[in-house]
Structure formats: structure tokens, C-alpha cells
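The following exercises concern one protein model. Please study the display first, then attempt each task before reading its solution.

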Amino acid sequence: MATLIVMDKTGDSRHEFDVADAAALAEAERRFKALTGSGFTAAARTGNGQSVLLRTFDPAVEETVFFPRLQGG
């Protein structure tokens, strides 16, 4: 199972999907595009506090974390 983790002001929400399930995979990719399109930054957790920025959906990533856009003011 892969997981999309969406951080927001209330904490986080997790969306698990099975990469072998075509419908679940399509929904995960749709969610990725919707979140990054609305300003979230996506990063793949690579272990021990490390991450790599993602520009496109990668179903091979076990955990993708989405960070909201920073707002000043």
C-alpha cells in the first residue's frame, strides 16, 4: 500500500491506495494533480527525515507528503 499524506492547519489526512488496483491508482494520480495544481508541494519521504521534491505522480513512492503553500502576512 502506498500513502498520500496531506498536511494542513488541522494536522494531516492519509489516503492509502493499492498500486495494483487501476481505479485506486487513477484516483491517487487525480488527487496528486489536484493538490499540486492548487499550490501544495509534493515530496517523497526517503527515510530518516529526508525527502525529495516530486513534480509528477510516481506510483512507486511509498509515502508522498503534501505541504501547503506558505502564506505571509
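**Exercise 1. Determine how β3 and β4 are connected, and which strands pair with β3.**

Step 1. Strands β3 and β4 form a hairpin that has two residues between them. In its turn, asparagine 48 has a positive phi of about 45°. Strands here are DSSP runs of E with at least two residues, helices are runs of H or I with at least four residues, and both are numbered from the N terminus.

Step 2. Strand β4 covers residues 50-54, runs antiparallel to β3 and is joined to β3 by five bridges. Two strands count as paired if DSSP finds at least two bridges between them. Within this pair, alanine 42 stands opposite leucine 54.

Step 3. Strand β3 is also joined to β5, by four bridges, and these two strands run antiparallel as well. Here alanine 44 has threonine 64 as its bridge partner.

A note on the basis of these solutions: residues are numbered from 1 along each chain as its sequence is written, and side-chain values use heavy atoms, without hydrogens and water. The model is predicted, so local features need pLDDT of at least 70 and side-chain atom pairs count only at pLDDT 80 or more, whereas totals for chains, interfaces and linings use all residues.

**Exercise 2. Describe the overall fold and the confidence of the prediction.**

Step 1. The protein has one helix and five strands. Along the sequence they follow the pattern β-β-α-β-β-β.

Step 2. The C-alpha trace spans about 45 × 25 × 25 Å along its principal axes. The radius of gyration is 12 Å, which agrees with the value near 11 Å for a compact globule of 73 residues. This radius is taken over C-alpha atoms, and the globule rule is 2.2 Å times the number of residues to the power 0.38.

Step 3. The mean pLDDT is 93, and 99% of the residues reach 70 or more; pLDDT is the predictor's confidence in each residue, from 0 to 100. Confidence is lowest in β3, with a mean of 91, and highest in α1, with 97.

**Exercise 3. Identify the residues that touch the most other members of the largest nonpolar core, and examine the surroundings of leucine 54 and threonine 64.**

Step 1. A nonpolar core is a set of buried Ala, Val, Leu, Ile, Met, Phe, Trp, Tyr and Cys residues joined through side-chain atoms within 4.5 Å. Buried means under 20% relative accessible area, exposed over 50%, and partly exposed in between, with a 1.4 Å probe and protein chains only. The largest core has 15 residues, of which Phe17, Phe32, Leu54 and Phe66 touch the most other members.

Step 2. At least two residues of this core come from each of β1 (2-8), α1 (22-37) and β3 (41-47). Helix α1 gives the largest share, four residues.

Step 3. Residues up to four places away in sequence being left out, leucine 54 touches Phe32, Ala42, Ala43, Ala44, Val61 and Thr64. Contact means heavy atoms within 4.5 Å.

Step 4. Threonine 64 lies in strand β5 and counts as buried because its relative accessibility is 4%. Beyond its neighbours within four places in sequence, threonine 64 is in contact with several residues, among them Thr3, Leu4, Ile5 and Phe32.

**Exercise 4. Compare the settings of three salt bridges.**

Step 1. A salt bridge places a side-chain nitrogen of Lys or Arg within 4 Å of a carboxyl oxygen of Asp or Glu. The structure holds five of them.

Step 2. Glutamate 27 and arginine 31 form one, at 3.5 Å from N to O. Both lie in helix α1, four residues apart, about one turn of the helix.

Step 3. Lysine 33 and glutamate 29 form another, with their closest N and O atoms 3.5 Å apart. They also lie four residues apart in helix α1. Lysine 33 is exposed, at 52% relative accessible area, while glutamate 29 is partly exposed, at 32%.

Step 4. Glutamate 63 and arginine 45 meet at 3.2 Å, N to O. Glutamate 63 belongs to strand β5 (residues 63-67) and arginine 45 to β3, so this pair ties together parts that are 18 residues apart in sequence.
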